[in-house]
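Trainee: I would like to take a close look at a single part of this structure and follow it outward from there. Could you guide me slowly, one step after another?

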Amino acid sequence: MARMLIIGPPGSGKGTQAERISARLGVVAISTGEIFRVNVKGQTRLGLEARKCMDAGDFVPDSVTNKMLRNRLSGPDVGTGFMLDGYPRTVAQVDYLDQFLAERGQELDAVLQLSAGNEELVARLLGRAKETGRSDDNEAIIRHRLDLYHEQTNAVVDQYARRGILTRVDGMGSLEEVTERVLGCVESLMKAA
Ligand code: B4P
């Protein structure tokens, strides 16, 4: 189990759990959202390109995101595997990742889908807004991000389900409970592999 994705709507805990699980598995966690935020903060060209989309709760264009992802996945710390968080979010990104991995004779081992109810998701993100003041964590933008997830990312989930590599994990409960649940799923997948 070296190459994994964690996928779920905003607030489902994917960033939070990716950090925890990857540390236990000894692979690097890669969050496209976090890479964008670092670039926005550093006012790089990529950050300037991404900022408008992020502030509006829209996806950053595939062309920009794919190029960034290729650079990151080519890094020296990715040799033993990765846990991708927040990518792919569109069907075009699925195709791009497939092609990137195929060029290296690799494929995805597992996709973990975290889910939680819409109102719980909104409440979590509003809670985060109070702590971090993230510019995309206000209620109207949060609801737009959730709509976008259903419009665009559900199709991504369906693709991986059809391939038989999707595992659904209940994201409701405390952070620790969800971590244990996710780890349990990964261990089962490893035994079955
Ligand atoms: P992300 O950084 O992926 O933001 P997110 O969807 O809000 O998820 P995140 O991982 O941060 O939050 P989590 O659910 O862990 O993306 C930000 C933006 O970047 C996107 O809107 C888009 O503009 C752009 N972008 C990123 N990737 C892209 C791509 N591939 N293509 C195009 N554009 C892209 O946690 C949220 C909160 O809930 C936290 O405060 C956490 O503590 C809390 N929480 C989590 N689990 C909990 C639990 N069990 N109980 C209570 N609280 C919990």
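Trainee: Which residues lie nearest the centre of the largest pocket, and how many residues line this pocket?

Mentor: Please keep in mind from the start that this is a predicted model. The largest pocket is lined by 49 residues, and those that lie nearest its centre are Lys14, Arg37, Asp85, Arg89 and Arg134. Its volume is about 950 Å³. When the lining is sorted by class, 18 of its residues are nonpolar, 18 are polar and 13 are charged.

Many parts of the chain take part in this lining, and you can find them by their residue ranges. At least two residues each come from strand E1 (3-7), helix H1 (14-25), strand E2 (28-31) and helix H2 (32-41), and the list also includes helix H4 (62-73), helix H6 (118-132), helix H7 (139-163) and helix H8 (175-192).

Let us begin with Arg134, which is among the residues nearest the centre of the pocket. Arginine 134 forms a salt bridge with aspartate 136, and the closest N and O atoms of the two are 3.0 Å apart. Both arginine 134 and aspartate 136 are buried. The pair also belongs to a network of salt bridges, in which Arg128, Arg134, Asp136, Asp137 and Arg145 are linked. As a general point, side chains of opposite charge can pair when their charged atoms come close.

From here we can turn to helix H7, one of the elements that supply the lining. Within helix H7, arginine 143 and glutamate 139 meet in a salt bridge with an N to O distance of 3.0 Å. Because these two residues are four apart in the helix, about one helical turn separates arginine 143 from glutamate 139. Arginine 143 is partly exposed, with a relative accessible area of 30%, and glutamate 139 is partly exposed as well, with 38%. Glutamine 159 also has its place in helix H7. Its relative accessibility is 18%, so glutamine 159 counts as buried, the cut-off for buried being under 20%. If we leave aside the neighbours within four places in sequence, glutamine 159 is in contact with Val91 and Val94.

Helices H1 and H8 also supply residues of the lining, and a salt bridge joins these two helices. Arginine 24 pairs with glutamate 180, the closest N and O atoms being 3.4 Å apart. This pair links distant parts of the chain, since arginine 24 is in helix H1 and glutamate 180 is in helix H8, 156 residues apart. Arginine 24 has a relative accessibility of 54% and therefore counts as exposed, whereas glutamate 180 is partly exposed at 47%. In the whole model the count comes to 16 salt bridges.

Helix H2 is another contributor to the lining, and two of its residues deserve a careful look. Asparagine 39 lies in helix H2 and counts as buried, with a relative accessibility of 16%. Not counting residues up to four places away in sequence, asparagine 39 touches Thr44, Leu46 and Gly47. Glycine 33, too, has its place in helix H2, and at 17% relative accessibility glycine 33 counts as buried. Although glycine 33 and tyrosine 87 are 54 residues apart in sequence, their C-alpha atoms are 8.8 Å apart in space. The peptide bond that runs from tyrosine 87 to proline 88 is cis, with omega near 0°, and proline 88 lies in the loop between E3 and H5.

We can now move on to the nonpolar residues. In soluble globular proteins, nonpolar side chains tend to be buried together. Here the largest nonpolar core has 31 residues, and those with the most contacts inside it are Phe82, Leu97, Leu108 and Tyr160. Among the elements that give two or more residues to this core are E1, E2, H2, H4 and H7, together with helix H3 (45-56), strand E3 (82-85) and helix H5 (91-103). Apart from this core lies another one, of 15 residues, among them Ile6, Ile21, Val27 and Val182. Leaving aside its neighbours within four places in sequence, phenylalanine 82 is in contact with several residues, including Met4, Val28, Ile30, Leu73, Leu101 and Leu108.

Terms used
Residues are numbered from 1 along each chain as its sequence is written. This is a predicted model: local features need pLDDT of at least 70, side-chain atom pairs count only at pLDDT 80 or more; totals for chains, interfaces and linings use all residues. Side-chain values use heavy atoms; hydrogens and water are left out. On a 1 Å grid over the protein atoms alone, a cavity is a set of points where a 1.4 Å probe fits but cannot get out, and a pocket is an open set with protein on both sides within 12 Å along at least five of seven lines; lining residues have an atom within 4 Å of a point. Grid points are joined across faces, edges and corners, and a volume is the space filled by probe spheres set on the points. Ala, Val, Leu, Ile, Met, Phe, Trp, Tyr, Cys and Pro count as nonpolar, Asp, Glu, Lys and Arg as charged, and the others, Gly among them, as polar. A nonpolar core is a set of buried Ala, Val, Leu, Ile, Met, Phe, Trp, Tyr and Cys residues joined through side-chain atoms within 4.5 Å. Buried means under 20% relative accessible area, exposed over 50%, partly exposed in between (1.4 Å probe, protein chains only). Contact means heavy atoms within 4.5 Å. A salt bridge is a side-chain nitrogen of Lys or Arg within 4 Å of a carboxyl oxygen of Asp or Glu.
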